[in-house]
Amino acid sequence: MVVCIFLRFATRKTKFFRIVSLAVAAIPEGLPIVTTVTLALGVLRMAKRKAIVKKLHSVESLGSVSVICSDKTGTLTKNEQTVTEAYAVDETIFLDPSSTIPYTGTVSPAIKKALDIGALCNNASLERNEDGAYFGQSTDVALLNILQTFGLPDRREVCHSSS
């Protein structure tokens, strides 16, 4: 019964591989062979789609992404991202990325905490280049640059200088 359901919704090729796998797996010594063949076939299908990666952390990072932010003006050409919205709980602040004027509206404690966490959980360098920009991944740099817009300090500098 289980074998019938196992084979019912499969193509002929898949049915063949499943039958061979079951036949070989009936012998305990055949299990490593079945596993190896199955993984090899999976790798071949991935190679045909050019989906093989060299570093596992790339796949892990991509698997944990729930939102992908991209634009055709800065991220791809200048490797630069900017924060255009800040939101926490039920408050949203819309920002103009081209503006150099600090934000003058009221900022809730929840958004301040979110910005602070974004700065503390950050891998961008503490040093800046001659233009005053941070070194690091574009997302991390964007989270640090938004602190200046809100007039908030980078607490990493305080923590770093005290140690």
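The expected span of a helix is 1.5 Å times one less than its number of residues. In this predicted model, helix α6 can be judged by that rule: its 13 residues, 138–150, reach 19 Å from the first C-alpha to the last, close to the 18 Å expected. The briefing also covers a hairpin formed by strands β1 and β2 and the second largest pocket.

**Helix α6**
- The buried residues of α6 are Ser138, Asp140, Val141, Ala142, Leu144, Ile146, Leu147 and Phe150.
- An α-helix has 3.6 residues a turn, so residues three or four places apart point the same way.
- Gly151 follows α6 and has a positive phi, near 70 degrees.

**Hairpin of β1 and β2**
- Strand β1 spans residues 85–88, with Ala86 and Ala88 on its covered face and Glu85 and Tyr87 on its uncovered face.
- In a regular strand the side chains alternate between the two faces of the sheet.
- Strand β2, residues 91–94, runs antiparallel to β1 and is joined to it by four bridges.
- Ile93 in β2 is the residue opposite Ala86.
- Two residues lie between the strands of the hairpin, and Val89 in the turn has a positive phi of about 55 degrees.

**Second largest pocket**
- The volume of the second largest pocket is about 640 Å³.
- This pocket is lined by 26 residues, of which Glu80, Gln81, Thr82, Pro97 and Asn145 are the closest to its centre.
- The lining comprises 14 polar, 10 nonpolar and two charged residues.

Note on methods: Residues numbered from 1 in each chain as written. Predicted model: local features only at pLDDT ≥ 70, side-chain atom pairs only at ≥ 80, totals over all residues. Heavy atoms only, no water. 1 Å grid on protein atoms, 1.4 Å probe; cavity = no way out; pocket = protein on both sides within 12 Å on 5 of 7 lines; lining within 4 Å. Points joined across faces, edges and corners; volume = space filled by probe spheres on them. Nonpolar A, V, L, I, M, F, W, Y, C, P; charged D, E, K, R; others polar. Buried < 20%, exposed > 50% of the residue type's maximum accessible area, 1.4 Å probe, protein only. Pairing = 2+ DSSP bridges.
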